[in-house]
Amino acid sequence: MHKRSILVIEDNDDLRENIAEILSLAGYEVATAADGLLGLKAIHHNPPSLIICDIMMPNLDGFGVLKALKSHSSFRYIPLIFLSAKADATDFRKGMSIGAVDYISKPFDNAELIQAIETRLSFAPLDNVTNISWNPSELGNLFRSTFMSEKLNLEIRTVKRKDRIYDEESLGRNAYFVITGCIKICKTTDTGKEVITDLNIKDDIFGYQDIISGGVHESAAYALTDSSFLVIPSDIFKQYLKNPALITALLYFEIGKHKQVAQRMQWVGFGSLRKKVAEALIFVMHNFQSQDIHILREDLAAIACVAKESLSRTLSDFKDENLISINDNIISIINVEKLNRMID
């Protein structure tokens, strides 16, 4: 196991040495400091992976240590766990409000301490994330480094085209991270018609909204193409929701998805047949990241929210106008500019 370094800042000599011994036996590299000022010197000399810090100490208390860390660009993302005999709600709220990641009251159970440390260190890929923006590759890299770690060792599931991942109204038990292929999210209307509301491609996450809400899936998920994805159990996903960086990343991801949906719904609700089909082609092209689209007509019709027969007639018109070509089941977009002008 790769060793992580932990700094223990505690003014009680016996407790400090006891914690150091427990952590050393657990495989961590441990440094100690007897008060807050000595702790800050130790951090500057050799920044640790994580800090365990008492609150009530001479010279500089735990709150002072944390504020000093947050004001320093090189140390502000080092996770700090408060350790205090004062299990007072005011101390807890104050500590969490200025950036502590956890709070353990004395006396504590050794297993509780180790579990708190391991949980926080498992967030390591997220702790140094700054300036997150809505950029699919940037967010995808963040999700990938977080959930595809060897430590989590999560299941990678492979599915064939048309395979079901989950049903509408089923209980949300997992989140899913797409590795290859494309997953469609769809709803069935009262008349039995399928409407595709979203597509999820490589590095997208889906299904997590129903974990957050604690409810059932509002839509179904099926493989649009042969695909593979990571299965993230709800209990693990909820642990990571404690990390502000992941919440921020999911927020930007969700904003981007909503922008796509809002743009599509304009044409689904008000566009002509030609606009709906043109928008569906551009939407799928962007998601497949290719002008050659291998998609079933029924799926393309569900994306455009038109009848399959109407879609086929419109595709024939587009082919005659030299906007697309059709070879077997592959639609190749020839004139992206004209299709975009049709949407605008």
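User: What makes the contact between the side chains of arginine 144 and aspartate 203 a salt bridge?

Analyst: Happy to walk through it! In this predicted model, the N to O distance between these two side chains is 2.7 Å. The cut-off is within 4 Å for a nitrogen of Lys or Arg and a carboxyl oxygen of Asp or Glu, so the pair qualifies as a salt bridge.

User: Which parts of the chain does that pair tie together?

Analyst: Arginine 144 sits in helix H7 (residues 136–147), and aspartate 203 is in the loop between strand S10 (194–200) and strand S11 (205–206), so the bridge ties together parts that are 59 residues apart in sequence.

User: Why is aspartate 203 called buried?

Analyst: Its relative accessible area is 11%. Buried means under 20%, so aspartate 203 fits that label.

User: And why is arginine 144 called partly exposed?

Analyst: Arginine 144 has 25% relative accessibility. That value falls between the 20% and 50% cut-offs, so partly exposed is the right term.

User: How do you know that lysine 106 and aspartate 54 meet in a salt bridge?

Analyst: Their N to O distance is 3.4 Å, and the limit is within 4 Å, so this pair counts too. Lysine 106 lies in the loop between strand S5 (102–105) and helix H5 (110–121), while aspartate 54 belongs to strand S3 (residues 50–54), 52 residues apart.

User: What makes aspartate 54 buried or exposed?

Analyst: Aspartate 54 has 4% relative accessibility; buried means under 20%, so aspartate 54 is buried.

User: Which residues join into one network through shared salt-bridge partners?

Analyst: Glu10, Asp54 and Lys106 do.

Key
Residues are numbered from 1 along each chain as its sequence is written. This is a predicted model: local features need pLDDT of at least 70, side-chain atom pairs count only at pLDDT 80 or more; totals for chains, interfaces and linings use all residues. Side-chain values use heavy atoms; hydrogens and water are left out. Helices (H or I, at least four residues) and strands (E, at least two) are DSSP runs, numbered from the N terminus. Buried means under 20% relative accessible area, exposed over 50%, partly exposed in between (1.4 Å probe, protein chains only).
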